Amino acid sequence: MRQLKLFSMSLACLIAALGSLAIFSQEIDVLLQPQRTEPSFFNQMASRPPPYGPSSYSKKITLIDCTYALLNLRRVETPEKAAAVAQSCERLSDSMTATMPTNAHAWYVNALAHARLGETDAFLASYRKSRELGPNEQWLAENRTRLAEEMYAELDEESRRLHEADLTLLANSPRGTRTLAARYARNEEFRERIIQIVERLPPDRQRAFLQNVRSVLR
């Protein structure tokens, strides 16, 4: 009986050790992927979805890599390769949202990938999901705002309302105000939309926005 218990305990320890080793391997694999500055980065991204481990850190790193790739597809040699990169990031974010349906960052990357692939309905669905799950995350709102402005002609009424909410969130913070002022300075089509929002803000936020616009235009 004691021998059986000892064997069972040894087997359990072995299984736990193998499980830990597998998790460690998954986490290390993320760190061993080509860095964004390396020439092989886009080739690797086009060949397969980037790996990620169980930790939130490895998931975040992988999502950031996909965001970088999708925002820099102009560096990819051919349209076919660019599409392959977008498809890899789509599959990655699909995988994450399937197991972590409340991950607003993954939904944003999914929206960005669908936008790059010209899949408007899927883009809108994922964009709205990201806003629903991460309404107060400013860094994510900045990313969504950039994407929504790129895809503004494709936004439906609900998505435009959500985009306006993100713009309002940014306009109420110093960092967000600087981001919006920079976009105001370089994008004429954006000016009317943001002015309508800023006019509804408290006077101190209106002054902050004007000061930032003046600073950018100098």
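Begin with the disulfide: this predicted model holds one such link. Select cysteine 66 and cysteine 89, whose sulfur atoms lie 2.2 Å apart and form the bond. The two residues join distant parts of the chain, being 23 residues apart.

Next, display the torsion about the S-S bond. It reads -100°, and the link between cysteine 66 and cysteine 89 is accordingly left-handed.

Now extend the selection to the helices that carry the two cysteines. Residues 56-71 make up helix 3, where cysteine 66 is found. Residues 79-99 make up helix 4, which contains cysteine 89.

Turn on the molecular surface and return to the pair. Are these cysteines buried or exposed? Cysteine 66 has a relative accessible area of 0% and is buried, because buried means under 20%. Cysteine 89 likewise counts as buried, at 0% relative accessibility.

Then select the whole protein and colour by secondary structure. Eleven helices appear, with zero strands. Following the sequence from its start, the viewer will trace the pattern α-α-α-α-α-α-α-α-α-α-α.

Keep the whole protein selected and colour by burial. Of its 218 residues, 42% count as buried. The surface that the protein exposes amounts to about 12400 Å², and carbon and sulfur atoms supply 55% of that area.

Finally, draw the contacts between residues at least 6 apart in sequence. Among these contacts, 66% join residues at least 24 apart.

Methods:
Residues numbered from 1 in each chain as written. Predicted model: local features only at pLDDT ≥ 70, side-chain atom pairs only at ≥ 80, totals over all residues. Heavy atoms only, no water. Disulfide = S-S within 2.5 Å. Helix = DSSP H or I, 4+ residues; strand = E, 2+ residues; numbered from the N terminus. Buried < 20%, exposed > 50% of the residue type's maximum accessible area, 1.4 Å probe, protein only. Contact = heavy atoms within 4.5 Å. Areas by Shrake-Rupley, 256 points an atom, 1.4 Å probe, with all protein chains shown as cover.
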